[in-house]
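Dear colleague,

Here is the structure I promised to hand over, with the sequence beside it. Please look through it first, and then read the notes below.

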Amino acid sequence: MAKVHPTEPQVSGPCSMNSAGKETFTIWMKSLVCHTNGCTVFDSKGQIVYRVENYDTKGSSEVHLMNLHGHVLFTILKKKLQILGCWNGYRGNFTSRKKEKPSFQVKKCCRILRGDLVCEVRVGFNKYFMVSLRRKKQGFKIVNSGGDIIAEVKQKQLPTGMVLGDDVLTLEIEPSIDQALTVALVLVYGLMNRRL
């Protein structure tokens, strides 16, 4: 059985970066618990770093991004009565329904940017966009308001050129970008497309 995690050369230190300085992760859009709905995120050493266990149906309105040990890093909630889809993300285990401001918000936009589907992301006062890659079925990128790519998701391809299934993805994140936040945004994209 082929490994789903990257096999790139390792560099010393806590972060795994490729030759371009980007941190690389493998996302398997399955839970490790009885292959239920959810996802598992591996670093370039093949270690699990993030996971989602979603025992409900696909497209759940509440999802928790956890680290390996089950500590909730983000709670992602779908806003009700939104026509195009809107998701709020809260740091930690958001159990109270008080008027707490979300850490991030993702809205599916009806406008098209150069022919690509766009979701608007707000993190505090910063604005980002998730733009689908038309030529790549599962691919999309996250760009800042200046158009600079901060993260990119594409279908996993082995060094031999073999492309893995559409439930195995590669995530490349630019240095100094919040990894957990970026993974949470990838999860929202998966929820919007009913993949989680």
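This is a predicted model, in which local features need pLDDT of at least 70 and side-chain atom pairs count only at pLDDT 80 or more, while totals for chains, interfaces and linings use all residues. Residues are numbered from 1 along each chain as its sequence is written, and side-chain values use heavy atoms, with hydrogens and water left out.

I begin with strand β1. Strands here are DSSP runs of E with at least two residues, and helices are runs of H or I with at least four, both numbered from the N terminus. β1 covers residues 23–28, and 6 of its 6 residues are buried, where buried means under 20% relative accessible area, exposed means over 50%, and partly exposed lies in between, for a 1.4 Å probe and protein chains only. In a regular strand the side chains alternate between the two faces of the sheet. In β1, Glu23, Phe25 and Ile27 point one way, whereas Thr24, Thr26 and Trp28 point the other way.

Two strands are said to pair if DSSP finds at least two bridges between them. β1 pairs with β12 (residues 168–173) in the antiparallel sense over 6 bridges, and it is joined to β2 (residues 38–42), also antiparallel, by 3 bridges. Ile27 has a bridge partner in each of these neighbours, namely Leu169 in β12 and Val41 in β2.

Next comes helix α1 (residues 179–192), in which Thr182 lies. Thr182 is buried, because its relative accessible area is 3%. Leaving aside residues up to four places away in sequence, Thr182 touches Ile142, Ala151, Leu171, Ile173 and Ile177, a contact being heavy atoms within 4.5 Å.

Leu171 appears again in the largest nonpolar core, which has 38 residues and in which Phe104, Val106, Met130 and Leu171 touch the most other members. α1 gives the most to this core, with 11 residues. Such a core is a set of buried Ala, Val, Leu, Ile, Met, Phe, Trp, Tyr and Cys residues joined through side-chain atoms within 4.5 Å.

Is Lys80, in the loop between β5 (72–78) and β6 (86–91), buried or exposed? Lys80 counts as exposed because its relative accessibility is 65%. Its C-alpha is 8.7 Å from that of Ser61, although the two residues are 19 apart in sequence.

Finally, a search of the whole structure finds 0 disulfides, a disulfide being a pair of cysteine sulfur atoms within 2.5 Å. Cys39 is buried, with a relative accessible area of 1%, and Cys86 counts as buried at 1% relative accessibility.

With best wishes
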